[in-house]
Amino acid sequence: MPMTADAARAHITELLLRRTTQDEARRQEALREYLDVTQAATDASAAEALAGMIPALMPQLYAKWIGMFADRLLETVPLTQLEPLCDGSAANAAALTLAYVMFLESARMEKQIDADLAALGAGVAEGQSPKLDNLADLAASYIRARLGVLAEKAKKQ
């Protein structure tokens with residue numbers, strides 16, 4: 001039975017959400033290390049606070065961007081060509097991940113990501129936490145670092 005567009009979108013979305021998230025402890029550890037290396041936080045307690053806040057904010061953005069990718073893929077690639085990519089194999093999961101990373105690196109998505117992170121940062125600057133007014137820049141750097149890791153993993157597979 002041929003795959004429907006809804007089934008393909010659901011598979012792509014679930015796959016990419018699973019690949020872009022990790023357990024909370026690992027995420028916070030990676031963020032703390034990133035903050036320490038880049039000296040984006042003034043001290044260990046600031047790094048700890050930032051690391052604890054970023055994960056709570058990012059899933060909705062990942063879901064938005066993944067949805068945009070899935071929609072664009074379904075608009076531009078015939079379903080008969082997408083169906084093999086949704087077979088659940090590691091190679092095709094890596095191919096979809098790499099396509100997603102390339103999509104995020106497009107000029108259109110770089111503008112979208114910057115706009116979304118600026119809006120996120122503006123919400124923080126407007127009173128949610130005055131000490132975190134550079135959250136958008138930090139989040140952008142973290143996302144770009146994660147994209148690099150995802151791209152490398154996808155290339156290896």
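Here are some notes on this structure, moving from the whole model to a few of its residues.

1. **What kind of model this is.** Please keep in mind that you are looking at a predicted model. The mean pLDDT of the protein is 77, with 63% of its residues at 70 or more. Confidence is highest in helix 4 (residues 79-82), where it is 94, and lowest in helix 7 (residues 135-156), where the mean is 65.

2. **Where to be careful.** Over residues 127-133, pLDDT stays under 50. The model does have nine contacts for this stretch beyond four places in sequence. Where pLDDT is low, though, the predicted coordinates should not be read in detail.

3. **The overall picture.** What does the secondary structure of the protein come to? There are seven helices and zero strands, and from the N terminus on the elements run α-α-α-α-α-α-α. Of the 157 residues, 38% count as buried. If we take the contacts between residues at least 6 apart in sequence, 77% of them join residues at least 24 apart.

4. **Helix 1 and its buried side.** Helix 1 has 16 residues, and from its first C-alpha to its last it reaches 22 Å, close to the 22 Å expected at 1.5 Å a residue. Its buried residues are Ala8, Ile12, Thr13, Leu15, Leu16 and Thr20. Because these residues cover an arc of only 170° around the axis, they sit on the same side of helix 1.

5. **Thr13.** This is a residue to look at in helix 1 (residues 5-20). With a relative accessibility of 17%, Thr13 counts as buried, because the cut-off is under 20%. A polar atom of the Thr13 side chain lies 2.8 Å from the backbone oxygen of Arg9. Apart from neighbours within four places in sequence, Thr13 is in contact with Ile66 and Ala70.

6. **Arg9.** Arg9 is also found in helix 1. Is Arg9 buried or partly exposed? Its relative accessible area of 28% makes Arg9 partly exposed. The side chain of Arg9 makes a polar contact of 2.7 Å with the side chain of Asp71, and a polar atom of that Arg9 side chain lies 3.4 Å from the backbone oxygen of Gly67. Leaving aside neighbours within four places in sequence, the contacts of Arg9 are Gly67, Ala70, Asp71 and Leu74. Arg9 and Leu73 are 64 residues apart in sequence, yet their C-alpha atoms are 8.9 Å apart in space.

7. **Glu75.** For a residue on the outside, try Glu75, which has its place in helix 3 and is exposed, with a relative accessible area of 61%. Along the chain, Glu75 and Ala5 are 70 residues apart, while 9.9 Å separates their C-alpha atoms.

8. **The aromatic rings.** How many aromatic pairs does the model have? The count comes to three. In one of them, the rings of Phe69 and Tyr100 have their centres 5.5 Å apart and their planes at 70°, so this pair is edge-to-face. Since Phe69 lies in helix 3 (residues 44-76) and Tyr100 in helix 5 (residues 90-104), the pair ties together parts that are 31 residues apart in sequence. Phe69 is buried, with a relative accessible area of 4%, and Tyr100 is buried too, at 1% relative accessibility. Ring pairs link Phe69, Tyr100 and Phe103 into a cluster.

9. **Helix 5.** This helix has 15 residues and reaches 21 Å from its first C-alpha to its last, close to the 21 Å expected at 1.5 Å a residue. The buried residues of helix 5 are Asn92, Ala93, Ala94, Leu96, Thr97, Tyr100, Val101, Phe103 and Leu104. Tyr100 and Phe103 will be familiar from the ring cluster.

10. **Asn92.** Lastly, a polar residue in helix 5. Asn92 counts as buried at 18% relative accessibility. Which backbone oxygen lies 2.9 Å from a polar atom of the Asn92 side chain? That oxygen belongs to Pro84. The side chains of Asn92 and Asp87 are joined by a polar contact of 3.0 Å. Not counting residues up to four places away in sequence, Asn92 touches Pro84, Leu85 and Asp87.

Notes. Residues numbered from 1 in each chain as written. Predicted model: local features only at pLDDT ≥ 70, side-chain atom pairs only at ≥ 80, totals over all residues. Heavy atoms only, no water. pLDDT = per-residue confidence, 0-100. Helix = DSSP H or I, 4+ residues; strand = E, 2+ residues; numbered from the N terminus. Contact = heavy atoms within 4.5 Å. Buried < 20%, exposed > 50% of the residue type's maximum accessible area, 1.4 Å probe, protein only. Polar contact = N/O pair within 3.5 Å; in protein donor to acceptor, adjacent residues only side chain to side chain. Phe/Tyr/Trp six-rings, centres within 6.5 Å; stacked < 30°, edge-to-face > 60°. Expected span 1.5 Å × (residues − 1). Arc of directions from axis to C-beta.
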